[in-house]
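Welcome! Here is a short guided look at the model shown below, sorted by topic so that you can follow along at your own pace.

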Amino acid sequence: MKDNNLVGTCGLYCGACKFYLSHKKGIAEQKGHKRGCIGCQARKTKCGMIKKTCSDLRKGEIIYCYECKGTFPCQRLERMENSYVKNYNLSLIKNLKRMKKVGVANWLEEQAEFYKCPECGGEICLHDRECYDCGYKQDPNKK
Ligand code: SF4
Ligand code: SF4
Ligand SMILES: [Zn+2]
């Protein structure tokens with residue numbers, strides 16, 4: 001059973017986010033990722049990615065951006081999308097569409113599998129494309 005807190009409203013998988021993984025010792029600490037986060041749907045998330053800027057999300061009328069009542073993607077989500085595609089080869093919009101299609105629980109399973117280290121079974125950070133347990137490097141072009 002996967003942790004539903006790890007489903008990012010914006011389409012990011014929190015289980016592989018460097019801030020979520022920063023509570024781990026070792027590589028995360030060496031890299032200076034100090035802002036520990038317990039995931040987007042947790043009550044006290046430290047993420048400023050998108051929730052605070054959208055009134056529908058803030059009021060809890062919807063939970064994920066694929067449920068958007070306005071223009072999807074809005075400008076803010078589009079800016080984030082462009083930056084994630086450019087810097088991390090990761091499409092938030094593709095993730096959100098997939099989430100909508102297969103359901104949140106299945107999406108979580110798929111994401112966990114994608115970022116699972118083939119060497120040690122630990123988590124690969126989506127920002128660094130590196131396993132925080134053993135240092136294994138994932139191909140940055142892998143999608
Ligand atoms: S910082 Fe944002 S994206 Fe990262 S784990 Fe926290 S809520 Fe998720
Ligand atoms: S307007 Fe839509 S796409 Fe933009 S943050 Fe809100 S729910 Fe997400
Ligand atoms: Zn590993």
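Helix 3 (55-58) and helix 4 each supply at least two residues of the shell around ligand 2. Please keep in mind that this is a predicted model. The mean pLDDT of the chain is 91, and 97% of its residues reach 70 or more.

**Around the ligands**

- Ligand 2 is surrounded by 13 residues, and the closest are Cys-54, Cys-65, Cys-68, Cys-74 and Leu-77.
- Sorted by class, the shell around ligand 2 holds ten nonpolar, one polar and two charged residues.
- Ligand 1 has its own set of residues around it: Gly-8, Leu-12, Cys-14, Cys-17, Phe-19, Tyr-20, Cys-37, Gly-39, Cys-40, Thr-45, Cys-47 and Met-49.
- In the shell around ligand 1, nine residues are nonpolar, three are polar and none is charged.

**Confidence along the chain**

- Among the elements of the chain, helix 5 has the highest mean pLDDT, at 98.
- At the other end of that ranking is helix 2 (residues 27-30), whose mean pLDDT of 74 is the lowest among the elements.

**The largest nonpolar core**

- The largest nonpolar core has 34 residues, and those touching the most other members are Cys-10, Tyr-13, Cys-14, Ala-16, Cys-17, Leu-92 and Leu-126.
- Two or more residues of this core come from each of helix 1 (18-21), helix 4 (75-88), helix 5 (92-102), helix 6 (104-114) and strand 1 (124-125).
- Leu-92 is a good residue to look up: leaving aside residues up to four places away in sequence, Leu-92 touches Cys-10, Gly-11, Leu-12, Leu-77, Met-80, Glu-81 and Tyr-84.
- Two of these contacts of Leu-92 also turn up beside the ligands, with Leu-12 around ligand 1 and Leu-77 among the closest residues to ligand 2.

**One face of helix 6**

- Helix 6 has three buried residues to find, namely Trp-107, Leu-108 and Gln-111.
- Viewed down the axis of helix 6, its buried residues fall within an arc of 100 degrees, so they line one face of the helix.
- Helix 5 is included in what covers the buried residues of helix 6.

**A stop at Gly-135**

- Gly-135 sits in the segment after strand 2 (130-131).
- Is Gly-135 buried or exposed? Gly-135 is partly exposed, because 13 other C-beta atoms lie within 10 Å.
- Not counting residues up to four places away in sequence, Gly-135 touches Ile-27 and Glu-130.
- Between Gly-135 and Tyr-64 there are 32 Å in space, C-alpha to C-alpha, and the two are 71 residues apart in sequence.

Conventions: Residues numbered from 1 in each chain as written. Chains lettered and ligands numbered in written order. Predicted model: local features only at pLDDT ≥ 70, side-chain atom pairs only at ≥ 80, totals over all residues. Core = buried A, V, L, I, M, F, W, Y, C linked by C-beta atoms within 7 Å. Buried ≥ 20, exposed ≤ 12 C-beta atoms within 10 Å, placed from the backbone. Helix = DSSP H or I, 4+ residues; strand = E, 2+ residues; numbered from the N terminus. Contact = placed C-beta atoms within 7 Å. pLDDT = per-residue confidence, 0-100. Near = placed C-beta within 6 Å. Nonpolar A, V, L, I, M, F, W, Y, C, P; charged D, E, K, R; others polar. Arc of directions from axis to C-beta.
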